[in-house]
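Good morning, and thank you for coming. Please look at the sequence and the structure as they appear on the screen.

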Amino acid sequence: MQIVETLNEGLKRAYSLKITAQDIETRVAAEIKRVAPQIRMPGFRPGKVPANLVRKMHGPALMQDALNSSVQDGIQKLVAEKALRPAMQPSVALDPAYEAGKDAEITVELEVLPDVPPPAIDGLKLERLSVPVDDAVVDAQLMTFAEQQKRFDPAPEGHKAATGDQVVMDFVGKVDGVAFDGGTGTDMAIEIGSGRLIPGFEEQLVGATVGEERQIAVTFPEDYNAEQLKGKPATFDLTIKQVSIARAPQVDEELATSLGLESLEQLRGLLRGQIEQEHNGLTRTHMKRKLLDQLAAGHDFAVPPSMVDAEFEQIWAQLEHEATHEADPAAALADMEKERDDYRKIAERRVRLGLLLSEIGQANGVEVTAQEMNRLIAQAAQQYGPEDRQRFIQYIQQEPMAAAQLRAPLYEDKVVDWLFERAEITERSVTRAELEAAIESEDGFATGTHVHNHDHDHDHDHAPKKKKAAKKADAEPAVTEAPAEADAGEAPAPKAKKAAKPKAAKPAEEAAPAEDAAPAKKPARKKKADAEA
């Protein structure tokens, strides 16, 4: 095979490969010899089909396979012979004038990774902003739990149910006077005003008393989850069995046991630990941003445009998705367009930081062990059903790129930790509000480095502050060893054990009870795009 370099400009390379007809024919002949014993053809004993008939039957397919394998081998030889480090998958094109039986001319175009200068990691200085957890913070969280975990006491005789009260009832739902499947329930407990039931149902419980029988009329929503009930008017015959009044929220042992814990002290300890975890995550995010800022300020080198394009497309797709959830999506998209250049600079910075972190990690023996990788695969596989988990594991094991993307966040964290150990760190106590303000006030986004085949957490470019989503995107460097994730995530509060509720018929309830689905906060666009790219 002949290799001729046709372009060497910056990080761009192009080559012409000539694969001889003889090489292709040799591969075809070898493949015919391999598959002939497996061919079955009428009139011939198994394994005795002549090679010329095998060629006649399967020649075009075998020729194509031989050409493909020749090209793959040729690219591998090119990469090895020229000591190339491709930044992305090479672009390969076959001469359109190629004819079977003749030499094949192949054009290979690619971008190579730059020669990263020796990283300057001496003299790194960082400040660790720590937030002590005081009793007042824990007490406030306990009161929040108490308010969420409502407890009810039986109402006085003759009490009329009001919004906020709990009513226990039997009911029979009817459409056109006929009870419908799933519309009958007994001992269903509902808090008036919770929004769990279809519109108009709970409001008609106001004024109910124990022992009362009443009929209410409602109309099922057009998007109701039971097809036969969508948009249908219905009546419900109710028997009120109990009315209860909510207690004033109390932080006591009963609150802890209602959450499945043994004591209030245990609940308090869990809360303190989770709040500390949240604070530590915020502290690390701030330190990481400052670290990446120092690295970015001290290093400037060319990066492959194709990697920047891929990173930018990833950020932009995330921003477009976020824009669809804005009050005015069209205006949000228009704002994004005005800042397109800022986002491209973010993408370039992320790629550069990713390459830099990768270089630091490789030069200093930072690696993800096989045990750590197996744990990552097992954790990621949990998002799939039992029947798909093994297929996912096999896919990761067979696809180096997918494995690199899975490994990236951990690899990046290990490189960052390695740098933390060598930095001069001073300590300062602050409040949580001060720490969050310090993170928000930064003009960039520095918590991640993603470079597709390896991601890191290190982007904190200076784009307009008003867009938080992009800020987050910038914070994530694009690493060449593993993808990065957002650093600080709030630890969930301990999950309460739901008290057993009397069974209720599904059709009367909305698919997603309002009390169970609180709307998530929307981070500003710029910050999120950076952190999640």
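I begin with a contact between two helices: L292, D293, L295 and A296 in α5 meet R349, L353, L356, L357 and I360 in α8. Sorted by character, the residues of this contact comprise seven nonpolar, no polar and two charged. Please keep in mind that the model is a predicted one.

Let us turn to the geometry of this pair. Helix α5 covers residues 264–297, and helix α8 covers residues 340–363. Their axes lie 10 Å apart, and the packing angle is about 95 degrees. How, then, are α5 and α8 oriented to each other? Angles of 65 to 115 degrees count as roughly perpendicular, and α5 and α8 are therefore roughly perpendicular to each other.

My second topic is backbone angles. Which residue in the loop between β7 and β8 should we look at? The residue is D176, and the strands on either side of this loop are β7 (166–175) and β8 (178–191). D176 is not a glycine, yet its phi is positive, near 55 degrees. Is D176 buried or exposed? With a relative accessible area of 74%, D176 is exposed, because the cut-off for that class is over 50%.

The other aspartate to examine is D187, which lies in strand β8. D187 also has a positive phi, of about 55 degrees, although D187 is not a glycine. The relative accessibility of D187 is 31%, so this residue counts as partly exposed.

To close, I return to the two aspartates: D176 is exposed, whereas D187 is partly exposed. Thank you for your attention.

Definitions and conventions. Residues numbered from 1 in each chain as written. Predicted model: local features only at pLDDT ≥ 70, side-chain atom pairs only at ≥ 80, totals over all residues. Heavy atoms only, no water. Helix = DSSP H or I, 4+ residues; strand = E, 2+ residues; numbered from the N terminus. Buried < 20%, exposed > 50% of the residue type's maximum accessible area, 1.4 Å probe, protein only. Axes fitted to C-alpha atoms, helices over the stretch in contact; angles between N-to-C directions. Parallel < 35°, antiparallel > 145°, perpendicular 65-115°, else oblique. Contact = heavy atoms within 4.5 Å. Nonpolar A, V, L, I, M, F, W, Y, C, P; charged D, E, K, R; others polar.
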